[in-house]
Amino acid sequence: MEIECPPELRAAAAAALRAAGIADGHLSVELVEPARIRELNRSFRGRDEETDVLSFPIDEDGPTAGPRELGDVFICPPCTRDLEQAVVHGVLHLAGHDHEADRGQMLALEREVLAALRAGRT
């Protein structure tokens with residue numbers, strides 16, 4: 001697994017991938033300023049506002065010739081209260097989870113991952 005992100009957030013990204021059952025692939029996590037997250041949110045979601053985290057999946061569930069290119073997560077630290085939670089949330093979206101379409105499964109998995117991280121069990 002190749003995870004490009006600030007070192008202090010790598011464990012959260014790896015824990016989310018393990019919880020989603022993904023053992024091989026590549027993703028990046030980038031910390032951005034409010035103006036950048038607003039620009040991305042406006043361009044890709046049609047929402048002209050700042051947000052905490054955005055995920056842009058690439059391979060999704062399609063077949064690949066090699067390791068999956070999972071995608072990119074953008075996090076705006078001034079817009080989030082918990083960077084680890086934002087990383088887990090964003091990575092679970094890259095793994096195909098969608099809290100807007102499921103019945104609470106993604107958010108329950110997110111809580112489990114965060115509890116294990118904070119208990120030192122990952």
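This passage describes the fold, the nonpolar cores and a few individual residues of a predicted model.

The chain holds four helices and four strands. Read from the N terminus, these elements follow the order β-α-β-α-β-β-α-α. The C-alpha trace spans about 35 × 35 × 30 Å along its principal axes. For a chain of 122 residues, a compact globule would have a radius of gyration near 14 Å, and the value found here, 14 Å, agrees with that. Of the 122 residues, 41% count as buried. Contacts that reach far along the sequence are well represented: among those between residues at least 6 apart, 54% join residues at least 24 apart.

Turning to the surface, the chain exposes about 6,800 Å², and carbon and sulfur atoms supply 46% of that area. The chain carries 13 positive and 23 negative charges, and the mean positions of these two sets lie 5 Å apart.

The interior is a good place to look next. The largest nonpolar core has 28 residues, and those with the most contacts inside this core are Leu27, Val87, Val88 and Val91. Two or more residues each come from helix 1 (10-19), strand 2 (25-31), strand 4 (68-75), helix 3 (83-94) and helix 4 (105-119). A second core, separate from this one, consists of seven residues, among them Ile37, Leu54, Phe56 and Cys76. Within the largest core, Val87 offers a helpful view of the packing. Beyond the residues up to four places away in sequence, Val87 touches Leu9, Ala12, Ala13, Val29 and Ile75.

Two of those partners, Ala12 and Ala13, lead on to helix 1. In this helix, Ala12, Ala13, Ala14, Ala15, Ala16 and Leu17 are buried. The cover over the buried residues of helix 1 includes strand 1 (2-4), strand 2, strand 4, helix 3 and helix 4. Just after helix 1, Gly21 adopts a positive phi of about 80 degrees.

Phe56, a member of the second core, is placed in strand 3. With residues up to four places away in sequence set aside, Phe56 touches Leu40, Phe44, Leu70, Gly71, Asp72, Phe74 and Leu94. Phe56 and Asp98 are 42 residues apart along the chain, while their C-alpha atoms are separated by 12 Å.

Two loop residues round off the picture. Thr80 sits in the loop between strand 4 and helix 3. Its relative accessible area is 15%, so Thr80 counts as buried, the cut-off being under 20%. Apart from neighbours within four places in sequence, Thr80 is in contact with Asp52, Ile75, Gln85 and Ala86. Ile75 is thus a partner of Thr80 and also of Val87.

Asp48, in turn, lies in the loop between helix 2 (34-45) and strand 3 (53-57). Asp48 counts as partly exposed because its relative accessibility is 44%. Leaving out neighbours within four places in sequence, Asp48 is in contact with Arg38 and Arg42. For the pair Asp48 and Arg38, ten residues apart in sequence, the C-alpha to C-alpha distance is 6.2 Å.

Note on methods
Residues numbered from 1 in each chain as written. Predicted model: local features only at pLDDT ≥ 70, side-chain atom pairs only at ≥ 80, totals over all residues. Heavy atoms only, no water. Core = buried A, V, L, I, M, F, W, Y, C linked by side-chain atoms within 4.5 Å. Buried < 20%, exposed > 50% of the residue type's maximum accessible area, 1.4 Å probe, protein only. Contact = heavy atoms within 4.5 Å. Rg over C-alpha atoms; globule rule 2.2 N^0.38 Å. Areas by Shrake-Rupley, 256 points an atom, 1.4 Å probe, with all protein chains shown as cover. Lys, Arg positive; Asp, Glu negative; His and termini not counted. Charge placed at Lys NZ, Arg CZ, Asp CG, Glu CD.
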